[in-house]
Amino acid sequence: MSGTAQIGVTGLAVMGRNLARNFARHGFTVAVHNRTASRTHALVEEFGKEGTFVPADSPEEFVASLERPRRLVVMVKAGEPTDAVIREFAPLLEPGDVIIDGGNAHFEDTRRREKELREHGIHFVGTGISGGEEGALHGPSIMPGGSVESYGSLGPLLEKIAAKAKDGSPCVAHIGPDGAGHFVKMVHNGIEYADMQLIAEAYHLLRAVAGYSPGKIAETFRSWNTGRLDSYLIEITAEVLAHTDADTGKPFVDIVADEAEQKGTGRWTVQIALDLGVPVSGIAEAVFARSLSGHKDLRKASGALPGPRSEPLGEADAAAFAGQVEQALYASKIVSYTQGFHQIRAGSEAYGWNIDLGAVASIWREGCIIRAAFLDRIRAAYDDRPDLPSLLADKGFTEEIGTAQDDWRAVVTAAARGGVPTPGFSAAVAYYDALRAERLPAALTQGQRDFFGAHTYRRTDREGSFHTLWGGNRSEVRAD
Ligand code: 6PG
């Protein structure tokens, strides 16, 4: 017998609970289940008025309460807990049913699970969901992978609960088969790390070089948020910087331990980028900056290392410098997104996902952590040229970087001169200059490799592989 619930959510910690409420608020009948049944009943008691919930105390009851084909959202911790839930539920399901994993799973796990379940006729949809607790309740950005068929059954529900872009379109799209959704969510998080790092560097520069207070920097960010940097992360940065600690009366940012943590999705992005051979230096620097901040003992032991002598700027110079920092932040942000989208394209090609990059930009416009006015520009760039080799090649971005580049370079110079670490800004400039360089010193690297390891090189003027007899008469031989 088929139940009445159009969708079910198992795992009712805050993300799962808010997602269940979001479905219910949109008129869907939602089966709810949690390993500890008290949590299920607490949800229904507290939020039952928001819609129709069907509480289930056991996996059997939960599965029986779902209409067919069943749609079952799993919101448990990534890794073994997800496998455990699948092991528990899969035997109760039938061909055509859909399991949706809404956690931050590694896309390789998602590929494995999708393959295993496909053999039993069950669809497995690894879905990126971004927007935190608030997004889950009021409208997240949703990145589902899995089969086209599963999207046919699931898409209409997701489209209802997703955030809506300003043009009214829902921030959800079928990303591609098997692990494509979780891959794209992973890169989203990598870009999120890079965005946060760049903003942190802008703050550090405004504080250390311009001599601004956290309150004044909050005002600066607020004004930036009315322009091209308009984004959720800039908005919340201003809030954090304007906040005062109630106990001490100090700026909140001064009483927080300066050791950044990470759950690991940024690290995955870099690990996978290394495997794919994609230079995501901005994301990597962001991951390393968090890591370095956490090495408190090392930092303490290095505190006496000599640094430059520098004075904060005068008022007028500080204001001019703040303007330059805005340019540097914007230009570096373009580079981060360029690298992130390069990684998505490379993943799509390596795994045969056929990901529409414009659609990805489109569903990141609202709901997710990196939501920003800027994403509309990226979407337009890919709509204009779906085969755009790099975001930097878009005419609009090329022009903007051209305008920003003097200030961008001046900021990186000021940072180095003032002893302010800006790995994100500096890596972004280096990436930009490396891409536009006619000749790179990689030719010398090849020469060195050939010298010590006979690793061979290719020539600019002829086809084939060559090796120079460095120990002998230095004549060149064909190596292929
Ligand atoms: C989101 C967030 C979310 C989470 C990340 C980042 O898109 O809603 O990215 O997934 O906040 O796990 O957390 P860390 O900074 O701890 O890696």
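In this predicted model, the loop between α15 and α16 (357-363) is the place of Asn-354. The backbone here deserves a look: phi of Asn-354 is near 55°, a positive value in a residue other than glycine. Asn-354 is exposed, with a relative accessible area of 70%. A neighbour on the helical side of this region is Ser-348, which belongs to helix α15 (residues 315-351). Leaving aside residues up to four places away in sequence, Ser-348 touches Trp-353, Asn-354 and Ile-355. The two partners differ in their cover, because Ser-348 has a relative accessible area of 9% and is buried, whereas Asn-354 reaches 70% and is exposed.

A positive phi also turns up at Thr-456, where the angle is near 70°, again in a residue other than glycine. Thr-456 sits in the loop between α20 (442-453) and β8 (457-458). With a relative accessible area of 23%, Thr-456 counts as partly exposed; the value lies in between the limits of 20% for buried and 50% for exposed. Another backbone feature of interest is found in the loop between α3 (59-64) and β4 (71-74), which holds Pro-69. The peptide bond leading from Arg-68 to Pro-69 is cis, and its omega is near -5°.

Attention can now turn to the ligand. The shell around the ligand counts 14 residues, of which Asn-104, Ser-130, Glu-192, Tyr-193 and Arg-290 come nearest. By class, this shell is made up of eight polar, four charged and two nonpolar residues. The element that gives the most to the shell is helix α8 (residues 180-208), with five residues.

Several oxygen contacts help to describe how the ligand is placed. A polar side-chain atom of Glu-192 is found 2.7 Å from an oxygen atom of the ligand. Backbone atoms take part as well: a polar backbone atom of Lys-263 lies 2.9 Å from a ligand oxygen, and for a polar backbone atom of Gly-132 the distance to an oxygen atom of the ligand is 3.2 Å. The protein buries 81% of the 410 Å² that the ligand exposes when taken alone.

Helix α8 rewards a closer look at individual positions. Asn-189 has its place in this helix and touches Asn-104 and Thr-265, not counting residues up to four places away in sequence. One of these partners, Asn-104, is also among the residues that come nearest to the ligand. Asn-189 is buried, because its relative accessible area of 6% falls under the 20% limit. Gly-190 is likewise placed in helix α8, and at 0% relative accessibility this glycine counts as buried. With residues up to four places away in sequence set aside, Gly-190 touches Gly-266, Thr-269 and Ile-283. A longer span can be drawn from Gly-190 to Ile-401: 211 residues separate them in sequence, and their C-alpha atoms are 22 Å apart in space.

The nonpolar interior comes next. The largest nonpolar core has 89 residues, and those with the most contacts inside it are Phe-221, Leu-329, Phe-341, Trp-364 and Ile-378. Around Phe-221, the contacts beyond four places in sequence are with Ile-199, Ala-202, Tyr-203, Ile-234, Thr-237, Ala-238, Leu-241 and Leu-329. Phe-221 and Leu-329 thus touch each other, and both appear among the core residues with the most contacts. Apart from this core lies another, of 28 residues, which includes Phe-28, Phe-53, Ile-100 and Ile-129.

Two loop residues round off the picture on the exposed side. Lys-77 is placed in the loop between β4 and α4 (80-89). With a relative accessible area of 66%, Lys-77 is exposed. The C-alpha atoms of Lys-77 and Glu-114 are separated by 17 Å, with these positions 37 residues apart along the chain. Glu-438 is found in the loop between α19 (423-436) and α20. Glu-438 counts as exposed because its relative accessibility, 81%, is over 50%. From Glu-438 to Ile-283 the C-alpha distance is 25 Å, and the two are 155 residues apart in sequence. Ile-283 has already been met above, as one of the residues that Gly-190 touches.

How values were computed: Residues are numbered from 1 along each chain as its sequence is written. This is a predicted model: local features need pLDDT of at least 70, side-chain atom pairs count only at pLDDT 80 or more; totals for chains, interfaces and linings use all residues. Side-chain values use heavy atoms; hydrogens and water are left out. A residue is near a molecule or strand if one of its heavy atoms lies within 4 Å of it. A polar contact is a pair of N or O atoms within 3.5 Å; within protein, one must be able to donate a hydrogen and the other to accept it, and residues adjacent in sequence count only if both atoms are side-chain atoms. Accessible areas come from the Shrake-Rupley method with a 1.4 Å probe; for residues, only the protein chains shown count as cover. Helices (H or I, at least four residues) and strands (E, at least two) are DSSP runs, numbered from the N terminus. Ala, Val, Leu, Ile, Met, Phe, Trp, Tyr, Cys and Pro count as nonpolar, Asp, Glu, Lys and Arg as charged, and the others, Gly among them, as polar. A nonpolar core is a set of buried Ala, Val, Leu, Ile, Met, Phe, Trp, Tyr and Cys residues joined through side-chain atoms within 4.5 Å. Buried means under 20% relative accessible area, exposed over 50%, partly exposed in between (1.4 Å probe, protein chains only). Contact means heavy atoms within 4.5 Å.
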